[in-house]
Amino acid sequence: MRGSFMFSFKGFKNKWKKAKSWCKKHKGVVVAGVVVLSISIIGLEQFVYDKNEPKEVKYEEFMDDLKAGDIDTLYYNPGDEYMRFTLFNDETREMTKKEREDYKYKKDEWRETLYPSGEDFRENMLKYGVNLVVKSFEPKAAAIIGSIFSIALPFIIIIAAMKAIMGGMAKTEKTEKQVDVKTKFSDVIGHDEVIEDLKFIVSLMQDTSRLKKFNMEVPRGMLFSGEPGTGKTLLAKAIAGESGVPFLYLNGSSCIEMYAGLGAKRVRDLFKEAKKCSPCIVFIDEIDAIGMNRTGNGSFSENVQTLNALLQEMDGFDTESGIFVIGATNNADTLDKALVRAGRFDRQVVISPPKDWTVRKEIFEHYLQGVSSTADLDLVSKQCMGFTGADINAVVNEAKLIASMGEADSVTTENIEEAIDKRIFKGNRSKRDKKSRENMLVAYHEAGHAIVTYLCGKPIARATIVSTTSGVGGFVMQTDEDKQFMTKTDLESQLMICYGGRCSERIKFTDVSTGASNDITQATNIIEAYVEKYGFNSEFGMLDLGVVQGTIQLSSEKLVKLFSDMAKEYERKTFELLSENYYLVERLAQELLDKETLSSEAITEIIKDAKENKESMEVVNEKFDDFVEV
Ligand code: ADP
Ligand code: ZN
């Protein structure tokens, strides 16, 4: 017996399953069916209802019949608009109430009138002795189907919209999820030490059986930290490309969206997919968006849910499964400790921008491969201190664009320099009237910077008075010096270079301009670091004032006095140095007014020439204090 019940139940279950999958496949047919069925039920009922339609009478007429005692039974329903009643005929008038219950009135004996809803309706009617029955004659099915639809419709629309949105998002995620990448380690420049480490992981991905053989505990994950554009994604892709395994991508910030639970679902889906296509590389970009410290300010329940899902998933596969997770962040300090403990992202690698100009040159060469170029790559590489691989890639693309707009056959040094300027100053070059007073001011200001730079023994990459749309009037660019550390003198020189622009304005025009505001900010930063961080100032000695201020409140008056004394001291030094050599500034400023931009060699040449012809030049030798009162 039991067996047969089980069997038949199973049969029912199977049928139900089949029906369900059929419905899923033929959604359109199902929807159309439901609609047609509803319409026909409503139609049929309406048809029947119309057939039974009683004669409608005015309420007054109803009252007359009522008063005359002609009404047998009154059917009403408090929710309805109309009520129905039957009128006595010769037969029923003689019957008892009981007998009349089985009697069927003919159609034309039925009447209908408006129902005067009111609390005392029932009592009033009973007074006349009519037979009162509560009953509705309005089309039921239509009413029910109608109300179901009117209640369900908003939900249906909302659910459909949500599904469409989420489905859409899931789809876009999917497309970037699994890719077979062709990136190789040779495409990644300047991270040789890291790559050495990663080769080991590649070898494991290629042969997961090795893990078992050595009974090793392999890291499940690795964390790349470093500023954007340094090549973290590129490295992760290269691991996948080298080992020939799929690359699964998820962006952490896409997991902290508006729908509760969606982030956690994304993480679970990702690992589900990873298990399907292992061995593979799972890459989670901006992992700090998910893995933020749970006690930190940014913690909220959605985030915690997603983080927990990630922790569970990372513990949920064994090391032989061939899933290697790489997280990338530019904010490793904010990560939750649980995420970086052993067995999860226990290996951390810092991915930095190119460490010197030679690495930048390699990246330039890499992206200029196959492009005809006459550019002096040593020169341009020295001009973009601090640029990341992504910056250089963008500069090369921009330079190609500039070259092609000028219809040139090859990319020149000038094209790349223009692209570098655009990147640094975030604007296009804009022309100024050559003879304007403004142009004069900028020329003498920049010449001042350049000559102080020269006098401090620092190499200059180029100087220009071409302004940019972002509001930069002109600039003097220094060349990267290949130095890991700066000396005390280096810092002092930088400070004087900052003051060179304003000092030159003073010497030449007496009045000064707002053009030095950026220089002042930069100088203030140098002074602050000089005193607070590097212990170069004898007043405080070798103290990290940042640490000191964490415990005791230093008098800010004393600090400001110290800072401004230093600013004044170096402004005076700069002023004196410049006025002794102002003939150089004069000469360079005139050349700048003439040519607008001067290269490193041109500047060297001009200075050399000016020095040789010093006698013929007008020499200004101003005293700093003469101007202090201005
Ligand atoms: P991150 O993930 O660190 O933000 P990406 O790896 O996405 O940076 O880098 C963006 C692009 O910049 C890369 O696709 C690549 O074209 C270029 N790039 C960045 N770093 C390097 C590098 N070290 N070598 C070559 N190209 C690089
Ligand atoms: Zn300046």
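**Figure 1. Confidence of the predicted model along the chain.** In this predicted model, the mean pLDDT of the chain is 82, and 83% of the residues reach a value of 70 or more. For residues 1–10 the pLDDT falls below 50, and this stretch makes 0 contacts beyond near neighbours in sequence. Residues 170–176 likewise have pLDDT below 50; in the model, this stretch has 5 contacts beyond near neighbours in sequence.

**Figure 2. Close-up of the open sheet of 5 strands.** The strand order is 1-4-3-2-5, with mixed pairing. Strand 1 (55–56) and strand 5 (131–134) each have a single partner strand, so one side of each is left without a neighbour in the sheet. Strand 2 (residues 71–76) runs parallel to strand 5 and is joined to it by 4 bridges. Leu74 has Leu132 of strand 5 as its bridge partner.

**Figure 3. Close-up of helix 3 against the sheet.** Helix 3 (residues 59–67) lies across strand 2, strand 3 (82–87) and strand 4 (110–114). The angle between helix 3 and strand 3 is about 40°.

**Figure 4. Close-up of the largest pocket.** The largest pocket holds about 1600 Å³ of space. Its lining comprises 50 residues, of which Val476, Met477, Gln478, Gln494 and Gln522 are the closest to the pocket centre. Two or more lining residues come from each of helix 17 (413–425), helix 18 (437–455), strand 15 (475–478), helix 19 (488–509) and helix 20 (517–533). Helix 18 gives the most, with 7 residues. By class, the lining contains 17 nonpolar, 19 polar and 14 charged residues.

Note on methods: Residues numbered from 1 in each chain as written. Chains lettered and ligands numbered in written order. Predicted model: local features only at pLDDT ≥ 70, side-chain atom pairs only at ≥ 80, totals over all residues. Heavy atoms only, no water. Pairing = 2+ DSSP bridges. Contact = heavy atoms within 4.5 Å. Axes fitted to C-alpha atoms, helices over the stretch in contact; angles between N-to-C directions. pLDDT = per-residue confidence, 0-100. 1 Å grid on protein atoms, 1.4 Å probe; cavity = no way out; pocket = protein on both sides within 12 Å on 5 of 7 lines; lining within 4 Å. Points joined across faces, edges and corners; volume = space filled by probe spheres on them. Nonpolar A, V, L, I, M, F, W, Y, C, P; charged D, E, K, R; others polar.
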